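Please find below my notes on this model, set out as numbered points. They begin with the metal site and then turn to the strands and the nonpolar cores.

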Amino acid sequence: MLRRLNHVAIAVPDLDAAVALYRDTLGTAVSAPLDLPDHGVTVVFVDLPGSKVELLHPLTDRSPIAAFLSRHPQGGLHHVCYEVEDLGEACERLVKAGLRVSDGGRPKVGAHGRPVVFLHPKDVAGTLIELEEVRSDNADPELGEK
Ligand code: CO
């Protein structure tokens with residue numbers, strides 16, 4: 001069911017410092033910050049060959065990332081995102097298996113304009129999982145796939 005690792009998301013308390021770290025010290029290409037009000041975050045994409053890292057910073061105090069940072073003040077791994085071919089089918093299978101899927105398994109549009117859901121960390125080995133639908137006929141052109 002799972003396909004490629006799409007991205008790893010890291011919550012950061014200081015976005016400018018994290019951008020400087022990835023761009024200047026670690027030598028990666030980083031995007032301009034993008035505000036995603038529906039998700040309560042500002043995101044910066046770190047481009048890597050074949051994958052990416054997302055640096056997440058809370059947009060407001062009510063952001064889920066603000067809650068995460070209050071528990072992890074230095075920041076840390078927030079979630080990993082795997083691609084699936086058919087998210088509706090994946091949700092049905094996971095709900096049937098007893099896993100908690102966000103919004104009752106009804107996908108929301110995620111940071112890349114594609115449908116996503118989240119799986120509760122307590123059901124999946126302690127790390128929040130995002131599933132993103134990437135149809136094999138509609139892969140990310142940035143990553144040079146077919
Ligand atoms: Co994500």
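**Notes on the metal site, strands and cores**

1. H7 and H79 are both buried, a term that stands for under 20% relative accessible area, with exposed meaning over 50% and partly exposed lying in between (1.4 Å probe, protein chains only). This is a predicted model, in which local features need pLDDT of at least 70 and side-chain atom pairs count only at pLDDT 80 or more, while totals for chains, interfaces and linings use all residues. Residues are numbered from 1 along each chain as its sequence is written, and side-chain values use heavy atoms, with hydrogens and water left out.

2. The cobalt ion has as its protein donors H7 (NE2), H79 (NE2) and E130 (OE), which lie 2.0 to 2.2 Å from the ion; donors are N, O and S atoms within 2.8 Å of the metal (3.2 Å for Na, K and Ca), and since water is not among the atoms, sites may look incomplete. Along the chain these donors follow the spacing H-x71-H-x50-E. Distant parts of the chain are linked by the pair H7, in strand β1, and H79, in strand β6, which are 72 residues apart; helices (H or I, at least four residues) and strands (E, at least two) are DSSP runs, numbered from the N terminus.

3. H7 belongs to strand β1 (residues 5-11), and it counts as buried because its relative accessibility is 0%. Its side chain makes polar contacts with the side chains of N6, at 2.7 Å, and of H79, at 3.4 Å. A polar contact is a pair of N or O atoms within 3.5 Å, where within protein one must be able to donate a hydrogen and the other to accept it, and residues adjacent in sequence count only if both atoms are side-chain atoms.

4. Strand β8 (residues 115-119) pairs in the antiparallel sense with strand β7 (residues 108-109) over two bridges, and with strand β9 (residues 129-133) over four bridges; pairing requires that DSSP finds at least two bridges between the strands. V109 stands opposite P115 in β8, and F118 stands opposite E130 in β9.

5. The largest nonpolar core has 12 residues, including V80, L94, V117 and L131, where such a core is a set of buried Ala, Val, Leu, Ile, Met, Phe, Trp, Tyr and Cys residues joined through side-chain atoms within 4.5 Å. Helix α3 gives the most to this core, with four residues. Apart from it lies another core, of 10 residues, among them L36, L56, F68 and L69.
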